[in-house]
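Colleague: Could you take me closely through a single part of this one, residue by residue? I would like to see how the pieces fit together.

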Amino acid sequence: RQVEPLIARLAPGVVLYAPVCSLGAYNAVHNLILAGEHGEGARTIALPLPAGYGGGGISDPMNLDYDPDTRILGSFAKGRGLGDCGDEIQWIWDGKAFQLLTARVMPFCSGVPGDDWPSLYQAVVR
């Protein structure tokens, strides 16, 4: 299977490049790079995580998607192929950085669908 890198214009002169750095049976691991339109000023970034989960930030999220209309970046790390465990985290671009929006985690693979996972964090967008 082949997974395309994620490339998203976040704002004029700001582009997110998220190439796939590792590919497994059901997870694609991405690197995160912010740069200018032509790659100038490239720097790696880490996305914030909820307090007490994952050491404060993640620089290698899995299975990314980005919605330019809502400015939401999502990661869904499957603990196994069924997608009944792992974590699902979303961040929103505030014009300068990604801010944590939601985080749901299911540490045990026991057939629980993602909609029923415990929520660790939920922000309100104003």
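**A close look around strand β12**

Modeller: Happily! Let's start at T102, which sits in strand β12, the run of residues 98-106. Please keep in mind that this is a predicted model. T102 has a relative accessible area of 13%, and because the cut-off for buried is under 20%, T102 counts as buried. Setting aside residues up to four places away in sequence, T102 is in contact with E88, I89 and Q90, and also with Y121 and Q122.

One of those contacts, E88, deserves a stop of its own. E88 belongs to strand β11, which spans residues 86-93. Where T102 is buried, E88 is partly exposed, with 28% relative accessible area. Beyond four places in sequence, E88 touches S75 and F76, then T102, A103 and R104, and finally W117. With R104 there is a polar contact as well: it joins the two side chains at 2.4 Å. If you measure the model yourself from E88 to G74, you should find 7.3 Å between the C-alpha atoms, for residues 14 places apart in sequence.

Now step back along β12 to L101, which is in that strand too. L101 is buried, and its relative accessible area is 6%. Its list of contacts, again without residues up to four places away, runs through I72, then Q90, W91 and I92, then Y121, Q122, A123 and V125. Y121 and Q122 are on the list for T102 as well. W117 is a useful reference point here: L101 and W117 are 16 residues apart in sequence, and their C-alpha atoms lie 16 Å apart.

It helps to see the sheet that holds these residues. Five strands make an open sheet, ordered β9-β10-β11-β12-β13, with antiparallel pairing. At the edges are β9 (65-67) and β13, each of which pairs on one side only. From one strand to the next, the twist averages 15°. For a closer view of one pairing, look at β10 and β11, which are linked in the antiparallel sense over 7 bridges. L73 gives you a place to check the register, since its bridge partner in β11 is W91. W91 is also among the residues that L101 touches.

Next, the aromatic rings. The structure holds 2 aromatic pairs. In the pair of F76 and W117, the ring centres are 5.9 Å apart and the planes meet at 45°, so the pair is tilted. F76 comes from strand β10 (residues 72-78), while W117 is in the loop between β12 and β13 (119-122), so this pair ties together parts that are 41 residues apart in sequence. The two partners differ in exposure: F76 is partly exposed at 25% relative accessibility, whereas W117 is buried at 4%. The other pair is W93 with F98, where the centres are 5.1 Å apart and the planes stand at 65°, so the arrangement is edge-to-face. Both W93 and F98 are buried. Returning to E88 for a moment, you will see that F76 and W117 are both among its contacts.

Finally, follow F76 over to N63, because F76 is one of the residues that N63 touches. N63 is placed in the loop between β8 (57-58) and β9. With 18% relative accessible area, N63 is buried, since the cut-off is under 20%. On one hand, N63 touches G74, S75, F76, A77 and K78; on the other, it touches Y26, N27, A28 and H30. Two of these residues also have polar atoms close to the side chain of N63. The side chain of N27 makes a polar contact with it at 2.7 Å, and the backbone nitrogen of A28 lies 2.8 Å from one of its polar atoms.

To pull the picture together: begin at T102 in β12, cross to E88 in β11, use F76 in β10 and its tilted pairing with W117 as a landmark, and end at N63 in its loop before β9.

Note on methods:
Residues numbered from 1 in each chain as written. Predicted model: local features only at pLDDT ≥ 70, side-chain atom pairs only at ≥ 80, totals over all residues. Heavy atoms only, no water. Helix = DSSP H or I, 4+ residues; strand = E, 2+ residues; numbered from the N terminus. Buried < 20%, exposed > 50% of the residue type's maximum accessible area, 1.4 Å probe, protein only. Contact = heavy atoms within 4.5 Å. Polar contact = N/O pair within 3.5 Å; in protein donor to acceptor, adjacent residues only side chain to side chain. Phe/Tyr/Trp six-rings, centres within 6.5 Å; stacked < 30°, edge-to-face > 60°. Pairing = 2+ DSSP bridges. Axes fitted to C-alpha atoms, helices over the stretch in contact; angles between N-to-C directions.
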